[in-house]
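This report describes the strand pairing in one sheet. The sequence and model come first.

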Amino acid sequence: MTSTSNPKVPEKKDQVHRVLLGKKQILVTEDEPLLVQLERAGIHVEYQCREGYCSSCSIKLLWGNVIYPFEPLAWVQSGYLLACCAIVKSDIEIAFFD
Ligand code: FES
């Protein structure tokens with residue numbers, strides 16, 4: 001007897017998206033959380049746990065889409081994202097202050 005299950009199509013993670021922050025623009029991929037990629041670009045982000053517990057990495061999301069590969073324990077206020085665990089899924093614009 002042979003298996004009839006279909007092979008899973010690999011998830012495409014090499015999508016590149018623009019992150020706008022004031023007059024800055026950086027390119028990010030879906031491979032890593034936003035926090036890591038902002039740091040690599042020289043943009044300082046406050047953080048503590050880096051695991052979705054504390055919300056100290058909360059950043060205002062002006063527009064665009066992010067997802068969380070796991071449900072963060074910290075409360076994510078509407079219009080904000082948690083940079084340590086957010087995966088960018090479209091071009092986005094963020095701000096550190098209102
Ligand atoms: S650093 Fe704690 S939730 Fe992101």
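Strand β1 (residues 16-21) runs parallel to β7 and is joined to β7 by three bridges. Strands here are DSSP runs of E with at least two residues, numbered from the N terminus, and two strands pair if DSSP finds at least two bridges between them. The model is predicted: local features need pLDDT of at least 70, side-chain atom pairs count only at pLDDT 80 or more, and totals for chains, interfaces and linings use all residues. Residues are numbered from 1 along each chain as its sequence is written.

Strand β3 (residues 58-63) also has three bridges to β7, in the antiparallel sense. β1 and β2 are antiparallel as well, over six bridges. Bridge partners in these pairings include the following.

| Strand pair | Residue | Partner |
|---|---|---|
| β1 and β7 | V19 | I92 in β7 |
| β3 and β7 | W63 | E93 in β7 |
| β1 and β2 | V19 | I26 in β2 |

The five strands make an open sheet of mixed pairing, ordered β2-β1-β7-β3-β5. β2 (24-29) and β5 (80-82) are at the edges with a single partner strand each, so one side of each has no neighbour in the sheet. From one strand to the next the twist averages 40°, with axes taken as lines fitted to C-alpha atoms and angles running from 0 to 180 degrees between N-to-C directions.

Side chains alternate along β7 (residues 92-95). I92 and I94 point to one face and are buried (20 or more other C-beta atoms within 10 Å of the residue's own, with C-beta atoms placed from the backbone). E93 and A95 point to the other face and are not buried.

Terms used. Buried ≥ 20, exposed ≤ 12 C-beta atoms within 10 Å, placed from the backbone. Helix = DSSP H or I, 4+ residues; strand = E, 2+ residues; numbered from the N terminus.
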